[in-house]
Amino acid sequence: MKMGEIEDGEVDHITADMHQKCTLVYESSHGINDKENGPIMNTVFQNAVCKVYRFQTVDSKWMLVREQMAECTLSFSIPKQLIGLCIQEDTCRIQELKDLGELSPHWHNLRKDVISRYEQIIKEYQDTLVELEKLTGPSFKPSCSKGQKYLEFIPINLHTQRMRVTCPRKTDSCYDVVTVGAPAAHSQGFKNGGLQKLLSKYESEKKSYSTAYQCIYYPPEQTTKAREILSVVSQLQPHITALADQLLQSPRDALRDTLKSLEDKTEQFVHALKDELVKSALLALHAARPGYVSKSQTSAPSSPPEPNEEPNVVCNNVNSSQTPLKESKASPVRSDSIPHHKEYDEEEWDRVWASVAKSLNSVIAMVEKLQEQDNNNQESTPCQTLADVITSHSPDRPMDVVDWRDQLGVLVQSLKECVLDVAERARHSVIFVLLQEAACSTAQGLQLQQRRDTVFSQALTALACGFVMRLYAGLEDKGFLRQLHAVGLVAQFESLLSTYSEEIGMLEDMEVGISDLTRVTFRITEALSEDSASLTPIISGRRDRYTVEVPLPHDAFQTLPDELRQGKLLHVIPVLFNVGINEQQTIAERFGDISLQERINQKNFEILEGYYKSLSNTLPSECLPSFQTQTDIKELLETLGQNVVTKKRKNVEILWLAGTICRRMNGIRFTSCKSAKDRTSMSVTLEQCCLLRDEHQLNKDYFVRALDCMRREGCRIENVQKNIKCRKYAFNMLQLMAFPKYYRPPDGTYGKVDS
């Protein structure tokens, strides 16, 4: 059990005979029997490998270290759900395009082409789902399968790594990290770069495509706005209709509460849809109808006006949320479609908005009149019933129960029709915007969408795994739960990719995939039962916004704060830091370009710093975990900020600082390289030994031997074998010479192996 004496001087590796004196005392490759692993954990984390060590502390006592690595069942369930949602969304897009109605021949043909492309994506995604449903066996995709087309949505080698430490001077501590191959489209290759480069090039060329296809060029921010408007329409219009129906069913004394909700939702609806983009798009759609004749063109299909050439008409029908919509003098005009006449009435959109304002104000006035009557009745005849007081239908006299419901019903129906009319017009207008974006995308746009879906699926699956693991670990931590609903969690992705050759494309894919995670929210729900199906996270939403629902058993759910039990949406702030450490990074630093790495680190440092400011302004420091090392988070951030702007080769201190800050702020830790196998193993084991040294007084004389012991006998060498059926890290001598000192494997554990 006792470690051998270390030789004098600095050593990088333990020799073969020292291997016999390693501190491995227990090994289990099948299952976990720990008290923290109940039905919740076993639903998501399976096929665990466990290794247990004893290490000596500075005061010659012993600490017990338990290392556990597990596969995550979400590796397949999340991508399959996501593919299904993409199929559903694209099917809806096809129907929306068909619902635009009759278009001129030019636009009709473009619409046919776009629908054909969506059908192609749907067919490919359906085929992928069929193949995934056939799979059985391990709950992870090995690195040797990263180029398989039908597995492109599945993250590479996704595993969880947990280290539990028991020592005399401190209560048990757990440290978690999720390891996953860099989210990237390996099956599509990196000959032309990754997503970041391809999207930038695509946007610069899209304007020329729009000219060729006689479309309006909409910059990314406007197409994003169009998708947001479409999402708002889909959410708020049914909600307003439901509240209007609820108003009619409410008791007379409860009308005011329901009306307040109806007012709020209607005002949100108005503010979201009165964007100038909607009005300009309506005019563009009118110009695409049959029979439209442009004043400047009488032959070829007309090209609608550019968005910035539209008249600057702003609808001011809505005041602040404390005041109702103001009634417009314009008479309401409603129709089922955009008028098919040569002269387009630009004021029609304003009149439609006025009809919403007028209808809502009529409902408000009616309810206020009923309340006034009730108040007068209570003051004059408090002992009489309402039926005794009501005697007439006259406007000057109280109304009977049936009469007021009928009259209010007419007003509510008018409001519902007006809101539906506005919603349909807005929906058609922004769908036409998205049609033009898709029309000028050509095949390149289709490939980019598929690539982005693929990368996002891998990133989202890893995030969902990390969120679930962090939530399960923090269910009894009141400070963590408060932080979760107040400011959200930071998710720190550590990448070891080089900025040379194909790995540049991988890093460009990863950057976009991690950034797209800002579109994801989480919600905690109560599971119907404790079986696996009920405890599996569920995804809903569209490409512009996804929500992951994480079910908890009844007992665990009831202990949560009210905000979480009420279904508050929870945010995760993703950040990415990259430092290449292999021989390819040496080439990049000496002869190539590392600006991509520098830009990523600087940008994400600013995001991390912004999160810390929000966290420190919202929550007391007592909500954060305590550590033995007393360095302040603010001081750590300052040091990290200095390092990201310092020109230093293979500055791994950036990774150490970012990881430390993440743990200090209750964050979720991820570590990645190309396959999450070799370089990732070196990083994870180094992080574990650093935690033992800094937080649990691991004797510094035994640091290197503890590090090599974990790399030689620990869970990560098991991960290598799971991926390539070989207990050797895939390094060669050139890589070993290029690696920073503490990222080198012990003697005898590496060899030239294809990865």
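1. First, a term. On a 1 Å grid over the protein atoms alone, a cavity is a set of points where a 1.4 Å probe fits but cannot get out, and its lining residues have an atom within 4 Å of a point. By that rule there are nine cavities of 30 Å³ or more here. A volume is the space filled by probe spheres set on the points, with grid points joined across faces, edges and corners.

2. Before going further, a word on the model. It is predicted, so to speak of local features pLDDT has to be at least 70, and side-chain atom pairs count only at pLDDT 80 or more, while totals for chains, interfaces and linings use all residues. Numbering runs from 1 along each chain as its sequence is written, and side-chain values use heavy atoms, with hydrogens and water left out.

3. The largest cavity. Its volume is about 80 Å³, and the lining is made up of Arg93, Glu96, Leu97, Tyr118, Leu230, Ile431, Leu434, Leu435 and Ala438. Helix H2 (74–98) and helix H10 (401–439) each bring at least two of these residues; helices (H or I, at least four residues) and strands (E, at least two) are DSSP runs, numbered from the N terminus. H10 has the largest share, with four. By class the lining has seven nonpolar, no polar and two charged residues. For that split, Ala, Val, Leu, Ile, Met, Phe, Trp, Tyr, Cys and Pro are nonpolar, Asp, Glu, Lys and Arg are charged, and the others, Gly among them, are polar.

4. The second largest cavity. This one holds about 60 Å³ of space. Glu89, Arg93, Arg227, Leu230, Ser231, Leu434, Arg542, Arg543 and Asp544 line it. H2 and helix H5 (220–249) each give at least two lining residues, with the largest share, three residues, coming from H5. The class split is two nonpolar, one polar and six charged. If you flip between the two cavities on screen, look for Arg93, Leu230 and Leu434, which are in both linings.

5. The strands by Arg542. Strand E8 (residues 538–542) and strand E9 (residues 545–552) run antiparallel and are joined by five bridges; strands pair if DSSP finds at least two bridges between them. Gly541 has Tyr546 in E9 as its bridge partner. The hairpin from E8 to E9 goes through two residues.

6. E4, E5 and E11. Strand E4 (residues 159–167) runs antiparallel to strand E5 (residues 170–179), with eight bridges between them. Here too a hairpin makes the link, through two residues. Opposite Val165 you will find Ser173 in E5. E5 also pairs with strand E11 (residues 668–672), this time in the parallel sense and over two bridges, with Thr179 partnered by Thr671 in E11.

7. The second largest pocket. A pocket is an open set of points with protein on both sides within 12 Å along at least five of seven lines. This one has about 1300 Å³ of space and 41 lining residues, with Arg162, Cys174, Arg470, Ala473 and Gly474 nearest its centre. The elements giving two or more residues are helix H1 (39–44), E4, E5, helix H11 (442–473), helix H20 (653–664) and E11. E5 supplies the largest share, nine residues. In all, the lining has 18 nonpolar, nine polar and 14 charged residues.

8. Charges over rings. Arg470 sits over the face of Phe480, 4.1 Å from the ring centre, and Arg693 does likewise over Phe703, at 5.0 Å. The test is NZ of Lys or CZ of Arg within 6 Å of the ring centre and within 35 degrees of the ring normal.

9. Thr461. This residue lies in H11. Is Thr461 buried or exposed? Buried, because its relative accessibility is 0%, and the cut-offs are under 20% for buried, over 50% for exposed and partly exposed in between (1.4 Å probe, protein chains only). Thr461 is 388 residues from Thr73 in sequence, yet their C-alpha atoms are 9.9 Å apart.

10. Aromatic pairs. There are nine in the structure. Phe731 and Phe739 have ring centres 4.9 Å apart and planes at 85 degrees, so they are edge-to-face. Rings of Phe, Tyr and Trp (its six-membered ring) pair with centres within 6.5 Å; planes under 30 degrees apart are stacked, over 60 edge-to-face and the rest tilted. Phe731 is buried at 2% relative accessibility, and Phe739 is buried at 2%. Together with Tyr729 they form one aromatic cluster.
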